[in-house]
Amino acid sequence: MTPDTAAVSVSVADDTEVMASVDDDGQTERLVIADISREDAWISMRVTDAASLPDWQ
């Protein structure tokens, strides 16, 4: 999987705080990525569908 990246302006990047975690409900592990400085700014996917760190390099 190739990451789809876009340039982010510095002013936008300075106003955000993004975190990631793995949520396990007992059946499915999900990777959750959220901008905790904004309401409803998050995405999630099954861990098995997420790209590994070496794939992002």
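**Exercises: strands, patches and a salt bridge**

Strands S2 (residues 29-35) and S3 run antiparallel to each other, joined by five bridges. Here, strands are DSSP E runs of at least two residues and helices are H or I runs of at least four, numbered from the N terminus; two strands pair if DSSP finds at least two bridges between them. A word on the model: it's predicted, so local features need pLDDT of at least 70 and side-chain atom pairs pLDDT 80 or more, while totals for chains, interfaces and linings use all residues. Numbering starts from 1 along each chain as its sequence is written, and side-chain values use heavy atoms, with hydrogens and water left out.

**Exercise 1.** Work out how S2 and S3 are connected, and find the residue opposite leucine 31.

*Solution.* Start with the connection: S2 and S3 make a hairpin with six residues between them. Next, check the turn, where aspartate 40 has a positive phi of about 55°. Then go across the strands: leucine 31 faces methionine 45 in S3.

**Exercise 2.** Place isoleucine 43, then find the nonpolar surface patch it belongs to.

*Solution.* Isoleucine 43 sits in S3, which covers residues 42-46. Its relative accessibility is 48%, so it counts as partly exposed (buried is under 20% relative accessible area, exposed over 50%, partly exposed in between; 1.4 Å probe, protein chains only). Together with Val18 and Ile33, Ile43 makes a nonpolar patch of about 250 Å². Patch members have over 30% relative accessible area and no salt bridge; nonpolar side chains (Val, Leu, Ile, Met, Phe, Trp, Tyr) are joined within 5 Å and like charges within 9 Å. Areas come from the Shrake-Rupley method.

**Exercise 3.** Find the salt bridge and say how exposed its partners are.

*Solution.* There's one in the structure, given the rule of a Lys or Arg side-chain nitrogen within 4 Å of an Asp or Glu carboxyl oxygen. Arginine 46 pairs with aspartate 49, and the closest N and O atoms are 2.8 Å apart. Arginine 46 is partly exposed at 41%, and aspartate 49 is partly exposed at 37%.

**Exercise 4.** Locate the negative patch, then see how far valine 47 is from aspartate 24.

*Solution.* Asp23, Asp24, Asp25 and Glu29 form the negative patch. Aspartate 23 lies in S1 (residues 18-24) and is partly exposed at 43%. Now for valine 47: look in the loop between S3 and helix H2 (53-56). Valine 47 and aspartate 24 are 23 residues apart in sequence, with their C-alpha atoms 9.7 Å apart.

Terms used. Accessible areas come from the Shrake-Rupley method with a 1.4 Å probe; for residues, only the protein chains shown count as cover. Lys and Arg count as positive and Asp and Glu as negative; His and the chain ends are not counted. The place of a charge is taken as NZ of Lys, CZ of Arg, CG of Asp or CD of Glu.
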